[in-house]
Amino acid sequence: VTLLTGWGRTAATAAELCEAGDVAAQLRAAGPRGALARGLGRAYGDAAQNAGGRVLDMTGLSGVLDLDPVAGRVTVAAGTSYDALIDAVLPHGWFPAVTPGTAQVTIGGAIAADVHGKNHHRDGSLSRWVESLVLVTPDGERRRATPGDDAFRATAGGMGLTGVITEATLRLARVESAWCAVDTERCADLDDVMARMATGDDAYAYSVAWIDCLARGGRLGRSVLLRGDHAPATLPDPLARVRRPRVPAPPWAPNGLLNRFSIAAFNEAYYRRAPRAERGRLEPLDAYFYPLDAVAGWNRMYGRAGFLQYQLLVPFGAEATLRACLERLSEAGVPSFLAVLKRFGAGAGLLSFPAPGWTLALDIPAGVDGLAPLLDALDAQIAEAGGRVYLAKDSRLRADLLGAMYPELDAWRGMQAALDPSGVMQSDLARRTGLLA
Ligand SMILES: Cc1cc2nc3c(=O)[nH]c(=O)nc-3n(C[C@H](O)[C@H](O)[C@H](O)COP(=O)(O)OP(=O)(O)OC[C@H]3O[C@@H](n4cnc5c(N)ncnc54)[C@H](O)[C@@H]3O)c2cc1C
């Protein structure tokens, strides 16, 4: 047995971790605690854990199976990372149409969470770019699912509970270079940043604001807004990927290293260092999309207690709820590095997180005094406003709010049950939140 956690390193549980190998045989041999696929373990909470059951490590099933460099279409094994995918397609002038904020994620894990990027307002979530996927269901059947099929709709965003994705065919986005052109603006407060995003985001492919959650009162929501597009080919060898050497995080960090004071100082320095207004700065793709990947194992910086990420969505029209949440977090002095604010466009799958509205994500050290009741209260406020929290980040949502947050939950459950009538697919997340109930 192996102890597994999510990226936040809280709530370890033991499971029988096996190589994916013959997926159908592995699923058939699962015991009463069932089975689950695991990618690179970048879900923050317990989505890729299955206490007392079997967990299939998908990272061995990796590689590009087919690439059409003219049409921009690629078929990959599900354990392929974004990192490897970019290496394969960028030299041909292509890039994943939707990417999360780290390249250390597998394509299978990304589809299971129906991930979004900084371009959701324009390009939607990943499932919109998946032409087909291959799903091995617990009865051993290998199905090819396409958008519109029940199996596809339940699997994209289905958190691994419909079976195991073994390969996927994706449409890619055309790029001329391995660089982004980035505009930066400092925003004085929450109204300022939201107004700029609402009026200006559509002119950019990518948009994200970093909010200083510790700023209060008149400075509540002060932030740095970064918006950009893929840059044209102006430099020599424009499609060459520029990577910084990865530095390791210290192997050990004293508990409490990241506290209200150290984080407030960091946030203040970040805000002051950002240019008031800057246009067209060229940044390599890796620096722009995956800034945290430059420090290997940065999650260990939170010490033994680990950390959690709280990512919420409120629909357009419920901006007052977003403000109220930010006020409560800043008043409580919850120590969080810059929080990420994005605007979402149209939603997709039944359990997909994105829907039209605003999303805010913040990393918080676990074990902060009063954190659990504070976040429980925010959950209730968010659900009441028609919003939700993101299951791929979650480690603490209580079961009673799941249905309110995911109104298509029952439809998803029906499709899930049809794909897995004997209940083989299981996870800690599912048991904790009652997803499968
Ligand atoms: C620094 C950082 C930044 C991030 N930024 C973003 C972001 O911008 N947008 C966003 O949407 N997410 C973001 N995430 C979250 C991340 O993209 C998702 O949690 C993703 O699911 C992780 O993929 P993984 O391969 O690590 O899967 P894991 O964490 O191992 O598993 C996640 C889920 O996928 C399922 N799964 C994995 N492989 C398969 C498979 N082959 N078949 C079926 N199910 C499978 C698992 O059962 C589990 O439910 C970020 C995470 C980190 C650490």
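This is a short walk through a predicted model, from its ligand site to some of its salt bridges.

**Stop one: the ligand.** Select the ligand and show what surrounds it: you should get 35 residues. The closest are Ala-37, Gly-39, Arg-42, Thr-106 and Tyr-390. Colour that shell by residue class and you'll see 21 nonpolar, ten polar and four charged residues. Now switch to cartoon. Strand E3 (35–38), helix H3 (107–112) and strand E10 (164–174) each supply at least two residues of the shell. Keep E10 in mind, as we'll come back to that strand.

**Stop two: polar atoms on the ligand.** Zoom in on Tyr-390, where an N or O atom of the side chain sits 2.8 Å from a ligand oxygen. Next, pick Ala-43: here a backbone N or O atom lies 2.8 Å from an oxygen atom of the ligand. Then go to Gly-101, which places a polar backbone atom 3.1 Å from a ligand nitrogen. How much of the ligand does the protein bury? Taken alone, the ligand exposes 960 Å², and 97% of that is buried by the protein.

**Stop three: Arg-54 and Glu-16.** Time for charged pairs; the structure holds 28 salt bridges. Select Arg-54 and Glu-16, whose side chains meet in one of them at 3.0 Å, N to O. Arg-54 belongs to strand E4 (residues 54–57) and Glu-16 to strand E2 (residues 13–19), so this pair ties together parts 38 residues apart in sequence. Turn on a surface, too: Arg-54 counts as buried at 10% relative accessibility, while Glu-16 is partly exposed at 39%.

**Stop four: back to E10.** Pick Glu-167 and Arg-144, a salt bridge with its closest N and O atoms 3.5 Å apart. Since Glu-167 lies in strand E10 and Arg-144 in strand E9 (residues 142–145), the pair ties together parts that are 23 residues apart in sequence. Glu-167 is buried, at 14% relative accessibility, whereas Arg-144 is partly exposed, at 49%.

**Stop five: a network.** Finally, select Glu-185 and Arg-227, whose side chains form a salt bridge at 3.0 Å, N to O. Glu-185 is in strand E11 (residues 179–187) and Arg-227 in strand E13 (residues 223–230), so the pair ties together parts 42 residues apart in sequence. Buried or exposed: what is Glu-185? Glu-185 is buried, with a relative accessible area of 11%, and Arg-227 counts as buried at 4%. Now add Asp-192, Arg-196, Asp-201 and Arg-343 to your selection: salt bridges with shared partners join these residues, Glu-185 and Arg-227 into one network.

Methods. Residues are numbered from 1 along each chain as its sequence is written. This is a predicted model: local features need pLDDT of at least 70, side-chain atom pairs count only at pLDDT 80 or more; totals for chains, interfaces and linings use all residues. Side-chain values use heavy atoms; hydrogens and water are left out. A residue is near a molecule or strand if one of its heavy atoms lies within 4 Å of it. A polar contact is a pair of N or O atoms within 3.5 Å; within protein, one must be able to donate a hydrogen and the other to accept it, and residues adjacent in sequence count only if both atoms are side-chain atoms. Accessible areas come from the Shrake-Rupley method with a 1.4 Å probe; for residues, only the protein chains shown count as cover. Helices (H or I, at least four residues) and strands (E, at least two) are DSSP runs, numbered from the N terminus. Ala, Val, Leu, Ile, Met, Phe, Trp, Tyr, Cys and Pro count as nonpolar, Asp, Glu, Lys and Arg as charged, and the others, Gly among them, as polar. A salt bridge is a side-chain nitrogen of Lys or Arg within 4 Å of a carboxyl oxygen of Asp or Glu. Buried means under 20% relative accessible area, exposed over 50%, partly exposed in between (1.4 Å probe, protein chains only).
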